[in-house]
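Subject: Handover of a structure and its findings

Dear colleague,

Please find below the structure that I am handing over to you. My findings follow directly after it.

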Amino acid sequence: MALNAIVSGASRGIGRSIAHRLAREGYSVGINDIPEASADIDNVISEINSILSFQHSKPRPGAVALPGDVSSSSDVASMVSKAVTKLGPLTLMVANAGIAPVTPLLLSSTEEVDRILGINVRGVFNCYTEAAKQMISQGDIALGAGITRYKLVGAASIAAFRAFPGCGIYSASKFAVRGLTQATAAEMARHNITVNAYAPGIVGTPMWDEVDEGIGEIEGRPKGKTLEAYSKGIPLGRAGVPEDVAGLVGGFLASKDSDYVTGQTMLVDGGIVFN
Ligand code: NAD
């Protein structure tokens, strides 16, 4: 059986890097992002297909585009069914898509709260449950590469362990991802599906450019200086790069080495938060 994954929010940043790593580890990958990011989705697909053209492994479908909004359950159901049609049985879902607007709690509108929770929590719920339904319907298949379990993986954050001012609803959404990951792991164990989350710290991506600007405005720092200031306190001495997270997700959580791990949220943050 071939290894087939979907990565949501994979047109850039951490998701793109995870998709690259999965391709190198032998996966075919469905690249999801919002339809407005179609050009970036296509770029990631070309990058992956050129990585694969240098590999001498047996031919596999490579990467396919799965545009859609993860906060919509019907979009996620279509993504899953398109991935299965184009790639084959789904063996891994990485629910990576998320947003991190910086808004102090007293200025957060109901619409903003619903938007953040809709993408960061309902989006992960949709990805976990639609993928799980598909995996259960596929039955107890041999997964390949020595892997014995289907895998669901979600994006949490250091903010899932410690709340930061200006990111209150974001923190609440990421605490919820931890809870959802534990609950889904408990319910899916009997279906031979493991469920884990990754918790990056400060990673240089377009998301952090926006966070830098938002926190900079609140704390009175010019653009670019907040990332610099926050990175100074990281015990391992630097901000993260997307490949740090892709190592945990694509290298470990997507491999047979994680077959006996479930319900965990793993920090990959250079030591900002110890748990
Ligand atoms: P990013 O903003 O660079 O990329 C996120 C991608 O998700 C974007 O391409 C965006 O278009 C997509 N997306 C947003 N809403 C979507 C939706 N409704 N449906 C489908 N796709 C959608 O962010 P990133 O830094 O790569 O972060 C990836 C994940 O890691 C997020 O869940 C984020 O919360 C988490 N995270 C990031 C950091 C960091 O420092 N960058 C730290 C902790 C956690």
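Helix H1 (13-24), helix H5 (168-188) and helix H6 each supply at least two residues of the shell around the ligand. The largest share, three residues, comes from H6. Please bear in mind that this is a predicted model. In total, 29 residues surround the ligand, and those that come nearest are Arg12, Asp33, Tyr170, Val203 and Thr205. Sorted by class, the shell contains 15 nonpolar, ten polar and four charged residues.

Several polar distances between the ligand and the protein may be of use to you. The side chain of Lys174 places an N or O atom 3.0 Å from an oxygen atom of the ligand. A polar backbone atom of Met207 is 3.5 Å from an oxygen atom of the ligand. For Trp208, an N or O atom of the side chain is likewise 3.5 Å from a ligand oxygen. On its own, the ligand has 830 Å² of accessible area, and the protein covers 95% of that area.

Aromatic rings

How many aromatic pairs does the count give? The count comes to one aromatic pair. This pair is formed by Trp208 and Tyr230 and is edge-to-face, with 6.1 Å from centre to centre and 65 degrees between the planes. The angle of 65 degrees qualifies as edge-to-face because planes over 60 degrees apart are placed in that class. Trp208 belongs to helix H6 (residues 206-219) and Tyr230 to helix H7 (residues 225-232), so the pair links distant parts of the chain, 22 residues apart. The two partners are also described by their accessibility: Trp208 is buried, with a relative accessible area of 10%, whereas Tyr230 is partly exposed, at 27% relative accessibility. Trp208 is therefore a residue to look at under two headings, since its side chain also has an N or O atom 3.5 Å from an oxygen atom of the ligand.

A further ring is involved in a different arrangement. Arg178 lies over the face of Phe161, at 4.1 Å from the ring centre.

Individual positions

Thr181 is located in helix H5. Is Thr181 buried or exposed? Thr181 is buried, and its relative accessible area is 0%. A polar atom of the Thr181 side chain lies 2.7 Å from the backbone oxygen of Val177.

Met93 is part of strand S4 (residues 92-95). The relative accessible area of Met93 is 0%, and Met93 is therefore buried. Between the C-alpha atoms of Met93 and Ala5 there are 5.6 Å in space, while 88 residues separate them in sequence.

Gly118 sits in helix H4 (residues 110-138). With a relative accessibility of 4%, Gly118 counts as buried. Gly118 and Ile99 are 19 residues apart in sequence, and their C-alpha atoms are 10.0 Å apart in space.

Loops

Ser8 lies in the loop between strand S1 (3-7) and H1. Ser8 has 1% relative accessibility and counts as buried. From Ser8 to Ala189 the C-alpha distance is 23 Å, with these positions 181 residues apart in sequence terms.

Asn192 is found in the loop between H5 and strand S6 (193-200). What is the phi of Asn192? Asn192 has a positive phi of about 65 degrees, although it is not a glycine.

Gly201 is placed in the loop between S6 and H6. Gly201 is buried, with a relative accessible area of 15%, which falls under the 20% limit that defines the buried class. The C-alpha atoms of Gly201 and Ser231 are separated by 9.8 Å, and the two residues are 30 residues apart along the chain.

To restate the points on the ligand: the protein covers 95% of the 830 Å² of accessible area that the ligand has on its own, and H6 supplies the largest share of the shell, three residues.

Yours sincerely

Methods: Residues numbered from 1 in each chain as written. Predicted model: local features only at pLDDT ≥ 70, side-chain atom pairs only at ≥ 80, totals over all residues. Heavy atoms only, no water. Phe/Tyr/Trp six-rings, centres within 6.5 Å; stacked < 30°, edge-to-face > 60°. Helix = DSSP H or I, 4+ residues; strand = E, 2+ residues; numbered from the N terminus. Buried < 20%, exposed > 50% of the residue type's maximum accessible area, 1.4 Å probe, protein only. Lys NZ or Arg CZ within 6 Å of the ring centre and 35° of its normal. Near = heavy atom within 4 Å. Polar contact = N/O pair within 3.5 Å; in protein donor to acceptor, adjacent residues only side chain to side chain. Areas by Shrake-Rupley, 256 points an atom, 1.4 Å probe, with all protein chains shown as cover. Nonpolar A, V, L, I, M, F, W, Y, C, P; charged D, E, K, R; others polar.
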